Each structure stands twice: as structure tokens, then as C-alpha cells.
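This briefing looks first at the surroundings of the ligand and then at pairs of charged side chains. Please keep the sequence and the structure at hand while reading.

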Amino acid sequence: MTDIPLDPVEDSSLKLVTIERHIQEQQRLHPNATGKFTAMLQDMALAAKLIARQTTRAGLSNILGPTDSRNVFGEVQQKLDIYADQTIFKMNDHTGRVCAMVSEEHDKLIDIPPHYDTGNYVLIYDPLDGSSNIDVNVSVGTIFSIHRKFTRGERGTIDDVLQEGKRLLAAGYVIYGSSTMMVYTTGRGVFGFTLDPGIGEFILSHPNIQIPLKPLYYSVNQGHEKYFTPGTRHFIKWLQGMEGEGHAPLSHRYIGSLVSDFHRNLLKGGIFLYPATTDEKGQYGKIRLLHEAQALAFIAEQAGGHASDGIGPILDIKPHSLEQRTPLFIGNRELVEKAEHYIREHDKDWISRYKPYRLGDI
Ligand code: P6P
């Protein structure tokens, strides 16, 4: 019987913890917190509510469908992509809390308008991941992470953005699905909040999420099998119970929406993999290191899981460019480490050619 989150709004005996209240409580755990960081997380929650209002009625307003423009990755921008991108930008550009923003929808660092004050935080976000699924009513998501500025001067620089994931202050995602949930961590556990549209509040529904020890699912696009490396092929056979020591085969679930696949595996146990492939285009994977992988890796590690590019921890990679991609294996630590084992064993050629910057490399 799966645990059905209790409903604090219906059952008054439960403490009604809104995300704002929870963030305030988390702030008290950081003695030198100034409240600006707290307010920034609350701003993200408000942005999520505004985006949720559009994603759940996309079919009813003329906000569906593609535009005639493409993002930095050459992907057709959906109207909702642009709405979500602008909503997050406008929620943060004037607050005096942010020194720079980076969005998957823009190819350069987004400066704070000169007439606004700047602050100590860098906001990195994918405003609407998986947006190509919107027209077919599949869950999509927002992914965000926050770094502290370390360079001198008022304005954020590219160096403030290109920090390793292990230096992140916070990370989170919003999943716009059968219900809207916001999940976040500030390095002291992972907490999930479900939006109650009746009161317009995110209510704590998943306190202290830990990835279940017994994994149920693996998520990969099997359609790319022709281009998988030998190591990835062996790993997938192992997941299917057809290689190595006998263990129960995992079920295959793949939605093609990273936040949805990650969220299911976080709550039920499993692994999402978007590996490098042998074709020219895919040798560094598809998932964006800054806008997607770092945030989800921080959350996975905080929930007792792990995230790797197949060689080492995602959180150890020193990014060298905004549009950097990475192979991604994320979920139960035992599964991720098994993937690394097979890649070490069978993909020595790929490893010799794949050179992300890792802590201590340079
Ligand atoms: P494929 C969406 O564009 C995305 O970045 C992720 O949300 C998703 O996991 C992946 O691409 C799906 O890619 O190649 O399987 O269609």
C-alpha cells in the first residue's frame, strides 16, 4: 500500500505547513541567514503558482503551441516556455537579491537591469523542461538552483555561474502534473509541497523525502539503443535482470520529461539515465549541466541517492560553459555506481575522449 500523503487542509489535526512557513523555519537553521535568501525561495514558489495557473489551463487559453523561435539549444520555443521564462525573470530582476540569472531559454548570462539593485545570489533555471510534451498533456517542470556570488563587484559574472554543483545553496523543481508540486532542498533534506488550488498555497505533503532503498524503475530512451556505448548496453541488460548476478528486473518507465521521470524515481526508487552515445552529437549527453543536472543531483544526494556522468559525481564537475551538456545517471546510489562499474569496464575509449572539468582537474 503506497503512502498517500496526508491532507493537512482536510485533516485539521495535522499541522498546516505552507512552503513560506517551512522556508522561514529552514532559515532559523542557518544562523547567519539574512532573510534575502529565504525571500528568494518564496519568490520561486510564487513564480511556480503563476506558471501552474497557465500550464493547467494551457488548452483553454491561446498559450499552447510553438512559437517561430528557437532557444540556444536549437529547440523550438513553446509559448509556455517563454511565459515561464519571463515570469521567473520578472519575479527576480528587481528584488535586489540576485546579481545574475541564467536561463535555458537564453544563450548568455542575464544581467540585472541597471536601474535595479543587485544582491548576492545567482539564479539558474530551466523555466519549463519537457515543454514539447505540453500539447499532449504530459507533465512538465521547472528546475532551478541558487549559487552564492563570490566575485568582487556588484554585478554577477560568468565565474559566479560556472561553479561546481557541490557549492550550491539550494535547488528545486516544480512538477506541473496531476497536481502541482514543488520540491526543494537547502542542504538539510528534501521537502515536497503540493499546491492546493483552493487556497493557492503549497502545503507540506512530503516531509524529508528519502529515495526508497528498493528501486522499482529504470528510465531511458530505448529508442537510442543503437547509439549506446557497450558499457551502457551492459548496464541496461543488468537492470533488466539479464546480466550479472540474478536480481529482480526493474520496470521500464520513460515519460520523456526529465522532471517527471526524476520525480517518480525519487519517490518510488529507481534510476534515470540519459547516457552519452557514440554518435557525434551525443558523445557528451543531452542533459544540461547547469540548468538541469546540477539541481537534480543536489536533490538526489540530499535524498540519499546519487548522480554521476558515468565517471564521477555530477556535483564535482567544474562547468566551463553555459550550454555544457552531461551524460546523466541519477537515482539510487547502488544503481548509479553499477552504471559507473560497467562504463569503467567497457567504455575505456569513450572515457579517454570525454573530458569534463572536475574538481582538482585545473
Ligand atoms: P529524448 C526535454 O527536452 C528533455 O530535455 C528532458 O526533459 C527529457 O528527459 C529529455 O529531453 C528527453 O529526450 O531524446 O528522450 O526525447
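In this predicted model, a backbone N or O atom of L258 lies 2.8 Å from an oxygen atom of the ligand. The ligand taken alone exposes 400 Å², of which the protein buries 82%. Beyond the ligand site, a search of the whole structure finds 14 salt bridges, and some of these are described under the second and third headings.

**Around the ligand**

- The ligand is surrounded by 13 residues, and those that come nearest are D129, N221, Y254, L258 and Y274.
- Besides the backbone contact of L258, side chains also reach the ligand: a polar side-chain atom of N221 lies 2.8 Å from a ligand oxygen atom, and a polar side-chain atom of Y274 lies 2.5 Å from an oxygen atom of the ligand.
- In character the shell around the ligand is mixed, with four nonpolar, five polar and four charged residues.

**Salt bridges within helices**

- Side chains of opposite charge can pair when their charged atoms come close.
- R21 and E25 form a salt bridge in which the closest N and O atoms are 3.3 Å apart; both residues belong to helix α1 (residues 19-28), where they are four residues apart and therefore separated by about one helical turn.
- With regard to accessibility, R21 is partly exposed at 36% relative accessibility, and E25 is likewise partly exposed, with a relative accessible area of 25%.
- D349 forms a salt bridge with R353, with 3.3 Å between the closest N and O atoms, and because these residues stand four apart in helix α9 (residues 348-353), about one helical turn separates them.
- R353 counts as partly exposed, at 42% relative accessibility.
- In addition to these pairs, salt bridges that share partners join E20, K49 and E201 into one network.

**A further pair of charged side chains**

- The side chains of K108 and D107 also meet in a salt bridge, for which the distance from N to O is 3.8 Å.
- Are the partners of this pair buried or exposed? K108 is exposed, with a relative accessible area of 58%, whereas D107 counts as partly exposed at 45% relative accessibility.

Conventions. Residues numbered from 1 in each chain as written. Predicted model: local features only at pLDDT ≥ 70, side-chain atom pairs only at ≥ 80, totals over all residues. Heavy atoms only, no water. Near = heavy atom within 4 Å. Polar contact = N/O pair within 3.5 Å; in protein donor to acceptor, adjacent residues only side chain to side chain. Areas by Shrake-Rupley, 256 points an atom, 1.4 Å probe, with all protein chains shown as cover. Nonpolar A, V, L, I, M, F, W, Y, C, P; charged D, E, K, R; others polar. Salt bridge = Lys/Arg side-chain N within 4 Å of Asp/Glu carboxyl O. Helix = DSSP H or I, 4+ residues; strand = E, 2+ residues; numbered from the N terminus. Buried < 20%, exposed > 50% of the residue type's maximum accessible area, 1.4 Å probe, protein only.
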